[in-house]
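Good morning, everyone, and thank you for making time for this. I would like to walk you slowly through one protein model, and I ask you to keep the picture in view while I talk.

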Amino acid sequence: MMMQGARQLMKVYVTRRIPQEGMKILTEAGVCKVSVWDSDEPVPRAELLKGVAGAHGLLCLLSDRIDTEVLDAAGPNLKVISTLSVGFDHLAINEIKKRGVRVGYTPDVLTDATAELTVALLLATARRLPEGIDEVKSGGWSSWKPLWLCGYGLSGSTVGVIGLGRIGLAIARRLKPFGVKRLLYSGRMPLDALLTESDFIVVSCSLTPETQGLCNKEFFSKMKNTAVFINSSRGSVVNQEDLYEALSSGQIAAAGLDVTTPEPLPTDHPLLTLKNCVILPHIGSATYSTRGIMAELSANNLLAGLSGAAMPSELAL
C-alpha cells in the first residue's frame, strides 16, 4: 500500500540547478517527480515552455519571466509557483491569481545578507575602494598625498533610506553604529526633503509602477553634489542615462549599484567608464548559508502548495 505508482507522482519543474539543500527536500519528499534544467545558466525560453508542460509545481528564479505564455504552456495542472527570491516582479501576478495558482517566495531569510552587502557597497563606494585597489595594481600608488583617494565618511552624516521594508530597516540598523547623526525614511517625510538633506541615499524599495524610474534626472538634481547614491533593490527603479549624466557632470559624488538594467550589464555600458560608479553583479543575498536556506524555503513552499497545506512563506495575492 505504501508504494505509489509513478502516475500518481506530481510533476515538478525546476528552472535551474539550485543549492543541494533544496533539491534534497524535493527528491526525498516522495510526492513529486522532479525535472531540472540542470545548468547554472538560465533556461532558454523554448526549453522552459516545454519543461513546464503539465507541471503541478514550478520552482523558478527571478531571471525567469513567468507570463501568460508560460502559464498556458503549463496548463490546468499547475497548483503552485515557488520563486527562489524575495522579489516577484518577474511573475504575472494578476494572471496567476486569476488561475488560482498559489505563489511561494523567500522573504526574511535574505534580509541580513542583503543589508550587509548594501553596507559593504556603500562603504566601498564612499571610500573609493575599487579605485584604490586599481591604483595599487596599476602602479598609481606613489608617495602619501593629503587628498589622494579621499571619499566620504558616515560619521556625523545624514542617511536617507527609500523603502523602509525588511531590508531597508536592516540597512538602517547596521548604519546607525557608524555614527550616523540622522536617519531619514521616505514615508516619514517628503521625498524632496530626504533628497536635499541626505549625504547618503540608499534605495531598498520593491519595484512597483510607482517606483519604476523613480531615480531620474529630477531626483538626482535635488541631491547634494557630495551625496552618494546606493541601489540594492531593482535596476528599473533607476533611470541609468540620468544617473550617468548626474555622475559625469558632478551633480552627485558617486553611486554604488548591486542591480542594473539589464542584468548582466553590457561591458561597454557608459556607467562602467566612470570611476565614481561601483557596480556589483546582483550579489545581495550571496552567502552560502543564505542561498542554502532560500533553496530549502522555496522547496518547502512548493511541497506545501502541491499538498494544499499552509506554506511557510506564501505571497498574499
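Let me begin with what the record says: an unreviewed UniProt entry carries the annotation "domain: D-isomer specific 2-hydroxyacid dehydrogenase NAD-binding", and that annotation covers residues 119-284. Please keep in mind that what you see is a predicted model. In this model, the C-alpha atoms at the two ends of residues 119-284 lie 10 Å apart, and the span is 30% helix and 14% strand. The unreviewed entry also gives "domain: D-isomer specific 2-hydroxyacid dehydrogenase catalytic", covering residues 12-314. For residues 12-314, the end C-alpha atoms are 18 Å apart, with 35% of the span in helix and 14% in strand.

Now the whole protein. It has 11 helices and 11 strands, and its C-alpha atoms fill a box of roughly 80 × 45 × 35 Å along the principal axes. Of the 317 residues, 47% are buried. If we take the contacts between residues at least 6 apart in sequence, 63% of them join residues that are at least 24 apart.

Two helices are worth following along their length. Helix H5, residues 111-126, has 16 residues, which should span 22 Å at 1.5 Å a residue, and the end C-alpha atoms are indeed 22 Å apart. How many of the residues of H5 are buried? The count is 12 of 16, so that this helix is mostly covered, and the buried residues include Thr111, Leu117, Leu121 and Ala126. After H5 comes Arg128, which has a positive phi, near 60 degrees. Helix H11, residues 288-307, has 20 residues and reaches 29 Å from its first C-alpha to its last, close to the expected 28 Å. Just after H11, Gly308 also takes a positive phi, of about 80 degrees.

Let us turn to charged side chains, where a search of the whole structure finds 19 salt bridges. In one of them, the side chains of Arg45 and Asp67 meet at 2.6 Å, N to O. Because Arg45 lies in helix H2 and Asp67 in the loop between strand S3 and helix H3, this pair ties together parts that are 22 residues apart in sequence. Arg45 is partly exposed, with a relative accessible area of 25%, whereas Asp67 is buried, at 17%.

A second pair is Arg99 and Asp72, whose closest N and O atoms are 2.8 Å apart. Here Arg99 sits in the loop between helix H4 and strand S5, while Asp72 belongs to helix H3, and the two are 27 residues apart. Arg99 is partly exposed, with a relative accessible area of 34%, and Asp72 is partly exposed at 47%.

A third pair, Arg234 and Asp89, forms a salt bridge at 3.1 Å, N to O. Arg234 is in the loop between strand S9 and helix H10, and Asp89 is in the loop between strand S4 and H4, so the chain positions that they link are 145 residues apart. Arg234 is buried, with a relative accessible area of 14%, whereas Asp89 is partly exposed at 42%. Salt bridges that share partners also join Arg45, Arg65, Asp67 and Glu69 into one network.

Next, consider a charged residue without such a partner. Asp258 is found in the loop between strand S10 and strand S11. Which side chain of opposite charge is nearest to Asp258? That side chain is Arg291, but it is 7.4 Å away, and Asp258, although buried, has no salt bridge. The side chain of Asp258 does reach the backbone nitrogen of Ile283, at 2.8 Å. Leaving aside neighbours within four places in sequence, Asp258 is in contact with several residues, among them Leu117, Leu121, Asn231, Glu263 and His282. Two of these, Leu117 and Leu121, are among the buried residues of H5 that I listed earlier.

Finally, where is His56 placed? His56 is in the loop between H2 and S3, and it is buried, with a relative accessible area of 18%. Again leaving aside neighbours within four places in sequence, the contacts of His56 include Met10, Lys11, Asn77, Val80 and Leu306.

Methods: Residues numbered from 1 in each chain as written. Predicted model: local features only at pLDDT ≥ 70, side-chain atom pairs only at ≥ 80, totals over all residues. Heavy atoms only, no water. UniProt positions renumbered as here; feature names shortened; annotations may be inferred. Helix = DSSP H or I, 4+ residues; strand = E, 2+ residues; numbered from the N terminus. Expected span 1.5 Å × (residues − 1). Salt bridge = Lys/Arg side-chain N within 4 Å of Asp/Glu carboxyl O. Buried < 20%, exposed > 50% of the residue type's maximum accessible area, 1.4 Å probe, protein only. Lys, Arg positive; Asp, Glu negative; His and termini not counted. Polar contact = N/O pair within 3.5 Å; in protein donor to acceptor, adjacent residues only side chain to side chain. Contact = heavy atoms within 4.5 Å.
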